[in-house]
Amino acid sequence: MRDAVELEWAGVPSVAIVHEEMRGSAQAIARVSGCPDYEFLAADYPWTPTAIWSKEECLELAEIMAPKVLAALTGQS
């Protein structure tokens, strides 16, 4: 989350992806970074919060998230 905020500060459009279980932490990081309204994407179960996924799980999640990332970057979300 912090990386995404810092990229935005550097003028690089970015989208943070966190696990739903980390939503509260991500919101706290955004808030202490001075960006309380920073929007991010969240992956939920069946993907585990530890991100120890098989290659197939990674590919499945990427297929789901890629359109959302594109929409967020282009303001079409």
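**Surface, cores and two residues of a predicted chain**

In this predicted model, the chain exposes about 5300 Å², of which carbon and sulfur atoms supply 57%.

Me: In what pattern do helices and strands follow along the sequence?
Reply: The secondary structure of the chain comes to 3 helices and 2 strands. Helix 1 covers 2-9 and helix 2 covers 23-32, while strand 2 covers 41-43. Read along the sequence, the pattern is α-β-α-β-α.

Me: What share of the residues in the chain is buried?
Reply: The C-alpha trace spans about 35 × 25 × 20 Å along its principal axes. Buried here means under 20% relative accessible area. Of the 77 residues in the chain, the buried ones make up 25%.

Me: Which helices each supply at least two residues of the largest nonpolar core?
Reply: The largest nonpolar core has 9 residues: M1, A4, V5, A16, V18, A26, A30, Y38 and F40. Those supplying at least two residues each are helix 1 (2-9) and helix 2 (23-32).

Me: Which residues are among those of the other core?
Reply: This core lies apart from the largest one. It has 6 residues, and among them are L41, W47, M65 and V69.

Me: Which residues does F40 contact, leaving aside neighbours within four places in sequence?
Reply: F40 belongs to the largest nonpolar core, as do M1, A16, V18 and A26. With those neighbours left aside, the contacts of F40 are M1, A16, V18, R23, A26 and Q27.

Me: Is S33 buried or exposed?
Reply: S33 lies in the loop between helix 2 and strand 2. Not counting residues up to four places away in sequence, S33 touches R2, V5 and W9. Its relative accessible area is 9%. The cut-off for a buried residue is under 20%, so S33 is buried.

Me: What is the length of the polar contact between the side chains of S33 and R2?
Reply: R2 is one of the residues that S33 touches. The polar contact that joins their side chains is 2.9 Å.

Me: Why does G24 count as partly exposed?
Reply: G24 lies in helix 2. Partly exposed is the class between under 20% and over 50% relative accessible area. G24 counts as partly exposed because its relative accessibility is 43%.

Me: How far apart are the centres of the positive and negative side chains?
Reply: The chain has 5 positive and 12 negative side chains. The centres of the two sets lie apart by 4 Å.

Methods: Residues are numbered from 1 along each chain as its sequence is written. This is a predicted model: local features need pLDDT of at least 70, side-chain atom pairs count only at pLDDT 80 or more; totals for chains, interfaces and linings use all residues. Side-chain values use heavy atoms; hydrogens and water are left out. A nonpolar core is a set of buried Ala, Val, Leu, Ile, Met, Phe, Trp, Tyr and Cys residues joined through side-chain atoms within 4.5 Å. Buried means under 20% relative accessible area, exposed over 50%, partly exposed in between (1.4 Å probe, protein chains only). Helices (H or I, at least four residues) and strands (E, at least two) are DSSP runs, numbered from the N terminus. Contact means heavy atoms within 4.5 Å. A polar contact is a pair of N or O atoms within 3.5 Å; within protein, one must be able to donate a hydrogen and the other to accept it, and residues adjacent in sequence count only if both atoms are side-chain atoms. Accessible areas come from the Shrake-Rupley method with a 1.4 Å probe; for residues, only the protein chains shown count as cover. Lys and Arg count as positive and Asp and Glu as negative; His and the chain ends are not counted. The place of a charge is taken as NZ of Lys, CZ of Arg, CG of Asp or CD of Glu.
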